[in-house]
Amino acid sequence: MSPTGKAAITDRVVGGCALASGDPIGNPDTWPLAMETFMSLCLENGWTPAAVGCSEEAGEIWVRETRMIALEIGDEAVVHVADYEPDNPRYRNVRQTVRRILKQDYSTQIYRSSDLTAEMRKVLTEDSKKWRGGNAERGFMMGLGRIAESDEPDLLIVTALKDGQIRAILQYVPWGEKGLSLDLM
């Protein structure tokens with residue numbers, strides 16, 4: 001909490017690292033004061049300070065006020081479809097991967113979750129559980145276990161099929177006005 005009480009930082013300490021989560025809460029003008037308090041607390045306790053999931057504005061303030069180093073993560077695989085040129089040498093690996101998959105007779109189908117039947121939802125859920133071997137999916141997946149939920153009509157589900165069987169699933173969630181973000185693989 002800033003000394004004025006107008007900004008606060010949420011954090012959790014794991015393995016000696018105090019991880020600030022997202023932007024500070026409250027008035028951005030007082031974020032530096034909350035950050036200073038956070039850094040002092042870390043120093044007192046011997047914790048390594050870090051911040052994750054913050055906005056560009058908060059990241060700039062963290063760097064300026066605390067001398068932390070900023071790393072941008074999460075957009076490393078953004079594809080701007082209008083600018084994508086499959087013949088560009090830069091995309092050679094993508095082309096090779098696509099050719100390999102096509103040679104193995106895979107096909108894809110794309111669905112909106114609102115278009116799925118109850119039976120298809122059941123198949124997707126059962127397959128994903130079977131492939132995980134009963135373990136809960138944690139790691140890349142942001143959905144924490146959900147797939148093709150009927151109350152989320154804008155999810156985009158891509159299936160890879162071979163010999164009439166689903167062999168892979170990707171699920172995307174809407175992001176921004178026109179974007180999609182990978183949610184589950």
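Let me begin with helix 4, on the face turned away from its buried side: there we find the exposed residues Ala118, Glu119 and Lys130. Before I go further, please keep in mind that what we are looking at is a predicted model.

The opposite side of this element is where the packing takes place. The buried residues of helix 4 are Met120, Arg121, Leu124, Asp127, Ser128 and Arg132. Viewed down the helix axis, these buried residues fall within an arc of 135°, so they line one face of helix 4. Their packing partners are three strands: strand 6, residues 107-112; strand 7, residues 156-162; and strand 8, residues 165-175. As for its geometry, helix 4 covers residues 118-132, and these 15 residues should span 21 Å at 1.5 Å a residue; the C-alpha atoms at its ends lie 21 Å apart, in agreement. Just after the helix comes Gly133, with a positive phi of about 70°.

One pair within helix 4 deserves a comment. Lys130 forms a salt bridge with Asp127, with 3.6 Å between the closest N and O atoms. Why can these two side chains be described as one turn apart? Lys130 and Asp127 are 3 residues apart in helix 4, and are therefore separated by about one helical turn. Their surroundings can be stated as well: Lys130 counts as exposed, at 56% relative accessibility, whereas Asp127 is buried, with a relative accessible area of 12%.

How many salt bridges does the structure hold? The number is 3. Besides the pair in helix 4, there is one between Glu65 and Arg64, whose closest N and O atoms are 3.0 Å apart. Here Glu65 is partly exposed, at 40% relative accessibility, and Arg64 is exposed, with a relative accessible area of 53%. There is also a salt bridge between the side chains of Arg167 and Asp163, at 3.9 Å from N to O. In that pair, Arg167 is partly exposed at 40% relative accessibility, while Asp163 is exposed at 65%.

I turn now to the chain as a whole. The protein chain contains 4 helices and 9 strands, and along the sequence these follow the pattern β-β-β-β-α-β-α-α-β-α-β-β-β. Of the 185 residues in the chain, 27% are buried. The exposed area comes to about 13,000 Å², of which carbon and sulfur atoms supply 52%. Among contacts between residues at least 6 apart in sequence, 56% join residues at least 24 apart.

Helix 1 is next. Helix 1 runs over residues 31-45, and its 15 residues reach 21 Å from the first C-alpha to the last, close to the 21 Å expected at 1.5 Å a residue. Which residues of helix 1 are buried? They are Trp31, Pro32, Ala34, Met35, Phe38 and Cys42. These residues cover an arc of only 160° around the axis, which puts them on the same side of helix 1. The other side of helix 1 carries Glu36, Leu43 and Glu44, which are exposed. The buried residues of helix 1 pack against strand 1 (7-8), strand 2 (11-14), strand 3 (17-21), strand 4 (25-26) and strand 5 (48-52), and also against helix 2 (56-66). Gly46 follows helix 1, and its phi is positive, near 70°.

Helix 3 can be treated briefly. Helix 3 has 12 residues and reaches 17 Å from first to last C-alpha, close to the 16 Å expected at 1.5 Å a residue. Just after helix 3, Asp105 takes a positive phi of about 65°. Val98 is located in this helix, which covers residues 92-103. Together with Val94 and Leu102, Val98 makes a nonpolar surface patch of about 250 Å². Val98 itself is partly exposed, with a relative accessible area of 42%.

Finally, a residue in strand 6, namely Ile110. Is Ile110 buried or exposed? Ile110 is exposed, with a relative accessible area of 60%. Leaving aside residues up to four places away in sequence, Ile110 touches Leu156, Ile157 and Val158. Ile110 and Leu170 lie 60 residues apart in sequence, while their C-alpha atoms are 9.5 Å apart in space.

To return to the starting point: strand 6 is one of the elements against which the buried residues of helix 4 pack.

Conventions
Residues numbered from 1 in each chain as written. Predicted model: local features only at pLDDT ≥ 70, side-chain atom pairs only at ≥ 80, totals over all residues. Heavy atoms only, no water. Patch = residues over 30% accessible without salt bridge, like charges linked within 9 Å, V, L, I, M, F, W, Y side chains within 5 Å. Areas by Shrake-Rupley, 256 points an atom, 1.4 Å probe, with all protein chains shown as cover. Salt bridge = Lys/Arg side-chain N within 4 Å of Asp/Glu carboxyl O. Buried < 20%, exposed > 50% of the residue type's maximum accessible area, 1.4 Å probe, protein only. Expected span 1.5 Å × (residues − 1). Arc of directions from axis to C-beta. Contact = heavy atoms within 4.5 Å.
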